[in-house]
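Please open the model in your viewer and set the display to cartoon, with side chains available on selection. The tour below proceeds from one selection to the next.

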Amino acid sequence: MIEGTDAQDKVIQPVPAYRKWLIVGGVALVVIAIALFTLPMMSRWFQADLSVSAERVRIGTVTRQDLVHDVSVQAVVVAGDSPTLYSEHAGNIQLDVKVGDRVGPQQVVAQLANPEIHNLLDQEKSNYSRLAIEVEREEILNKQQTLENQRALDVATVQLTAAKREARRAAIAHSSDAISDIDLETANDELTSAQFTFDHAKSFLALDQERMDFELRTKRLSLERQGLMVENLERQAEELLIRSPVAGIVGNIDVDQRTNIM
């Protein structure tokens with residue numbers, strides 16, 4: 001039978017009330033002291049303005065633009081297209097490259113043998129040379145003919161001058177009854193004939209010059225037309241050379257060597 005819990009109980013003495021008030025008052029005094037100490041400093045911080053020396057300040061205009069940054073990388077460039085080469089003309093093909101070869105821009109990779117185009121080109125070149133010689137010959141002949149026409153005009157001018165002089169002499173002689181009327185009329189007839197010869201020579205010189213210019217212009221036009229034909233055949237002959245449009249590697253070849261392409 002339990003007699004009681006007296007042996008386990010401990011008497012706790014109550015804390016006096018004035019000690020609580022001492023602790024509270026001490027804490028309050030510490031807070032007030034800290035506030036009084038920091039208040040002036042915090043007041044200066046709130047009221048102070050930020051200042052920097054002007055020598056240390058750089059002023060400039062701010063502009064807005066795109067940011068460009070170069071990136072250096074290493075990679076392998078793979079062509080996105082694979083051009084196919086072909087020819088518009090027929091002939092036996094001669095391949096100058098094989099699959100896997102590297103080629104550069106405008107490098108000849110194949111040639112077509114077309115004797116018809118080459119023979120026709122040689123013929124037209126020969127015709128062009130012949131027409132060029134004819135133009136040069138025509139220019140020389142025109143110069144010779146111009147000199148002949150000018151000589152005839154000069155002779156007619158001298159004859160006209162002499163006929164005028166004889167007509168004046170005959171008129172003076174006839175006024176003094178030194179010559180007859182027939183002699184005066186003969187001198188006037190010779191003057192008229194000399195005048196006709198001079199006028200004819202002058203007109204012939206101008207007309208013949210027009211004729212020579214026309215013939216020379218016609219031959220030059222023929223030469224120019226022949227030159228265009230030669231240029232066209234040279235272009236066709238150049239098209240027989242199949243060139244690579246870009247730099248790259250030959251991927252595949254669809255024709256065999258010496259194949260006749262139609």
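Begin with glutamine 106, which is placed in the loop between strand E2 (102-103) and E3. Please note that the model is a predicted one. The phi angle of glutamine 106 is near 65 degrees, a positive value in a residue other than glycine.

Next, select strand E3 (residues 108-113) together with strand E1 (residues 91-95); the two run antiparallel and are joined by four bridges. Within this pairing, display glutamine 94, whose bridge partner in E3 is glutamine 111.

Keep glutamine 111 selected and add strand E4 (residues 241-243). E3 pairs with E4 as well, in the antiparallel sense and over three bridges. Here leucine 241 of E4 is the residue that stands opposite glutamine 111. Glutamine 111 thus appears in both pairings, with glutamine 94 and with leucine 241.

Now move to the loop between helix H2 (115-175) and helix H3 (181-239), and select aspartate 177, which lies there. Is aspartate 177 buried or exposed? Aspartate 177 is exposed, because its relative accessible area is 68%, above the 50% cut-off for that term. Extend the selection to Asp181, Asp183, Glu185, Asp189 and Glu190, which together with Asp177 form a negative surface patch.

Finally, turn to helix H1 (residues 17-47) and select valine 27, which lies in this helix. Add Ile23 and Val31: with Val27 they form a nonpolar patch on the surface, and the accessible area of the three together is about 290 Å².

Conventions: Residues numbered from 1 in each chain as written. Predicted model: local features only at pLDDT ≥ 70, side-chain atom pairs only at ≥ 80, totals over all residues. Heavy atoms only, no water. Pairing = 2+ DSSP bridges. Patch = residues over 30% accessible without salt bridge, like charges linked within 9 Å, V, L, I, M, F, W, Y side chains within 5 Å. Areas by Shrake-Rupley, 256 points an atom, 1.4 Å probe, with all protein chains shown as cover. Salt bridge = Lys/Arg side-chain N within 4 Å of Asp/Glu carboxyl O. Lys, Arg positive; Asp, Glu negative; His and termini not counted. Charge placed at Lys NZ, Arg CZ, Asp CG, Glu CD. Buried < 20%, exposed > 50% of the residue type's maximum accessible area, 1.4 Å probe, protein only.
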